[in-house]
Amino acid sequence: MSQPRVVTFLGPRGTFTEAALEQVPGLEDAERVPVANVAEALTAVAEGRSDAAMIAIENSIEGGVTAAQDALAAIPGLRILSEHVVSVNFSLVAPAGTRLEDITVIAAHPVAWAQCTGWLQRELPGRAHLPAASNVTAAAELGNGGAAQAALSTPTIGNWVDGLEVLADRIGDNADAVTRFLFVGRAGAPGEPTGADKTSLVVELPSDEAGMLLDMLEQFATRGVNLSLIQSRPIGDRLGRYRFVMDASGHIRDERVADALLGLKRFSPKVTFLGSYPRADGQRSEVERRYTDASFEDARDWLRGLLAGEPEQ
């Protein structure tokens, strides 16, 4: 795609999602539009009001972001262009002059609260949690007459909100915590494989019969395709109906991945291809010889020869 002129992201300004945009080349002149939720960011792309969106999809501590997974499954016409990983840590902030002993209620996004539980139990036991829409919103609303005296927020919150003081820094329970983000545009032809790629899909089972999940997974296993993520999400029309959000190692232009997708299409009533894109960590897929492109090509040549009546070599 051409360089995006407008990109949407979960706002307000200063969130980890906006930090992920800094990793995308060519956005220096793009208009960045903060929105209230992931579905709004992706809908703007699908409807042409935005050229691309950045959304959080997975956290190394809390797992998959279900709102993002559901939005990708529900909104048609989207493609993942790239993935980006951002180191995540938090600060406890409050209006200047606030002391730790003054704090009875702490505003925080639920994910931030969960990732700081250990520190909070040690240093501020018994404090109440006031859920916030984002890490920046938690801090921005302090001092506006709300119940919270302090907030868990991003380390750079001082760049966006005036009058705050950092009471404690880097209070996350896991210093290595990261969040994976997806840069999403409108559907188009996938790029060329790099050898270090990932393919994302949403797949529905044809029925709730015994063995259906195993049949789906065998489409990948018998072709040597590793799954780095598989998560079930309710379809919503009735109990017991699920779709599966999956990340597979490899690119749709790789023979083994393409063959797995053909098997899925024959098996499943609905397969949504979300995109093939470079892995953020650059890790190349290790493939056994029997699953290489050359092996698939050799097998097709062999079959062609049999059908043409050529003598076997």
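This is a short tour of the structure on your screen, one selection at a time. Keep in mind that you are looking at a predicted model.

**Stop 1: the whole protein**

Start with everything shown as a cartoon. You should find nine helices and 15 strands. Now display just the C-alpha trace and turn it around: along its principal axes, the trace spans about 90 × 45 × 35 Å. The protein has 313 residues, and 44% of them are buried. How do contacts link parts of the sequence? Taking contacts between residues at least 6 apart in sequence, 76% join residues at least 24 apart.

**Stop 2: the largest pocket**

Next, select Leu10, Ala56, Val65, His109 and Val111. Of the 27 residues that line the largest pocket, these are the closest to its centre. The volume of this pocket is about 570 Å³.

Which elements should you colour to see the lining? Those that give two or more residues to it are helices H1 (16-21), H2 (38-46), H3 (66-74) and H4 (110-115), together with strands S3 (52-59), S4 (63-64) and S11 (178-186). Pause on H4, because you may like to know where the largest share of the lining comes from: H4 supplies it, with three residues. If you colour the lining by residue type, you will get 15 nonpolar residues, 11 polar ones and one charged one.

**Stop 3: two backbone details**

Select Gly11 and Pro12. Is the peptide bond between them cis or trans? It is cis, with omega near 0°. Pro12 is found in the loop that runs between strand S1 (6-10) and H1.

Now move to Arg170, in the loop between strand S10 (164-168) and S11. Arg170 is not a glycine, yet it has a positive phi of about 50°. Is Arg170 buried or exposed? Its relative accessibility is 54%, so Arg170 counts as exposed.

**Stop 4: a sheet of four strands**

Select strands S12 (197-204), S13 (227-234), S14 (242-249) and S15 (271-278). They form an open sheet with antiparallel pairing, and its order is S13-S14-S12-S15. Which strands stand at the edges? They are S13 and S15; each has a single partner strand, so one side of each has no neighbour in the sheet. Look along the sheet and you can follow its twist, which averages 15° from one strand to the next.

Zoom in on S12 and S15. These two strands run antiparallel, and seven bridges join them. For one example, select Lys198 and find its bridge partner in S15, Tyr277.

**Stop 5: helices on the sheet**

Keep the sheet visible and add H3. This helix lies across S12, S13, S14 and S15, and runs at about 80° to S13. Then add H8, which also packs on the sheet. H8 touches S12, S14 and S15, and its direction makes about 5° with that of S12.

**Stop 6: a pair of helices**

For the last stop, select H8 (residues 255-267) and H9 (residues 293-308). Two packed helices are described by the angle between their axes and the distance between those axes. Here the angle is about 65°, and the axes of H8 and H9 are 8 Å apart.

Show the side chains that make the contact: Glu255, Arg256 and Asp259 on H8, and Asp293, Phe296, Glu297 and Arg300 on H9. What kinds of residue are these? Six are charged, one is nonpolar and none is polar.

How values were computed:
Residues numbered from 1 in each chain as written. Predicted model: local features only at pLDDT ≥ 70, side-chain atom pairs only at ≥ 80, totals over all residues. Heavy atoms only, no water. 1 Å grid on protein atoms, 1.4 Å probe; cavity = no way out; pocket = protein on both sides within 12 Å on 5 of 7 lines; lining within 4 Å. Points joined across faces, edges and corners; volume = space filled by probe spheres on them. Nonpolar A, V, L, I, M, F, W, Y, C, P; charged D, E, K, R; others polar. Axes fitted to C-alpha atoms, helices over the stretch in contact; angles between N-to-C directions. Contact = heavy atoms within 4.5 Å. Buried < 20%, exposed > 50% of the residue type's maximum accessible area, 1.4 Å probe, protein only. Pairing = 2+ DSSP bridges.
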